[in-house]
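Hi,

Here's the structure I said I'd pass on to you. Open it up and keep it on screen while you read the rest of this email.

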Amino acid sequence: MKTWYRVYMVECSDKSIYTGITSDINKRMDSHNSGKGSKYVRARLPISLKWESDEMSKSSALQEEYRIKQLSRKNKIKMINEK
């Protein structure tokens with residue numbers, strides 16, 4: 001059974017944008033919002049999902065996550081608004 005992954009961007013309460021990868025977007029959002037997600041997000045709750053990719057392999061998702069993390073805030077917002 002092949003597992004598919006998604007890259008996602010959330011907006012934190014301080015208006016920062018966090019980028020991550022998951023195989024279950026709903027479970028990951030619940031984890032973040034309950035304070036059990038990443039340390040970065042835990043300190044900036046609540047969050048809201050702003051963008052998610054289509055499903056892809058883990059390797060492709062990791063590459064896409066890295067690419068997005070290298071973007072400026074302006075380009076991340078542009079990417080969010082285009083989807």
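Below is what I found in it, starting with the sheet and then moving on to the helices.

One thing to keep in mind: this is a predicted model.

Let's begin with the strands. Strands in a sheet pair through backbone hydrogen bonds, and they can do that in a parallel or an antiparallel way. Here you have an open sheet of three strands in the order β2-β1-β3, and the pairing is antiparallel. The edges are taken by β2 and β3, each with a single partner strand, so one side of each has no neighbour in the sheet. From one strand to the next, the twist averages 30 degrees.

Now look at the two pairings. β1 and β2 are joined by six bridges, and one pair to look for is Val7 with its bridge partner Ile21 in β2. These two strands make a hairpin with five residues between them, and in the turn Lys15 has a positive phi of about 75 degrees. On the other side, β1 and β3 share four bridges. There, Tyr8 stands opposite Glu52, and Val10 has Leu49 as its bridge partner.

Next, helix α1. Which residues of α1 are buried? They are Ile25, Met29 and His32. Viewed down the helix axis, the buried residues of α1 fall within an arc of 60 degrees, so they line one face of the helix. The general rule behind this kind of pattern is that an α-helix has 3.6 residues a turn, so residues three or four places apart point the same way. Turn the model around and you'll see the face of α1 that points away from the buried side, with the exposed residues Asn26, Lys27 and Asp30.

And what do the buried residues of α1 pack against? Their partners are β1, β2, α2 and β3.

The two ends of α1 are worth a look too. At its start, a side-chain oxygen of Asp24 comes to within 3.3 Å of the backbone nitrogen of Asn26. After the helix comes Gly35, with a positive phi near 85 degrees.

Finally, there's helix α3, residues 58–69. α3 lies across β1, β2 and β3, and runs at about 170 degrees to β2.

If you only have a few minutes, try finding Ile25, Met29 and His32 on α1, then follow them to the elements they pack against.

Cheers

Methods:
Residues are numbered from 1 along each chain as its sequence is written. This is a predicted model: local features need pLDDT of at least 70, side-chain atom pairs count only at pLDDT 80 or more; totals for chains, interfaces and linings use all residues. Side-chain values use heavy atoms; hydrogens and water are left out. Buried means under 20% relative accessible area, exposed over 50%, partly exposed in between (1.4 Å probe, protein chains only). The arc is that of the directions from the helix axis to the C-beta atoms. Contact means heavy atoms within 4.5 Å. A polar contact is a pair of N or O atoms within 3.5 Å; within protein, one must be able to donate a hydrogen and the other to accept it, and residues adjacent in sequence count only if both atoms are side-chain atoms. Two strands pair if DSSP finds at least two bridges between them. Axes are lines fitted to C-alpha atoms, for helices over the stretch in contact, and angles run from 0 to 180 degrees between N-to-C directions.
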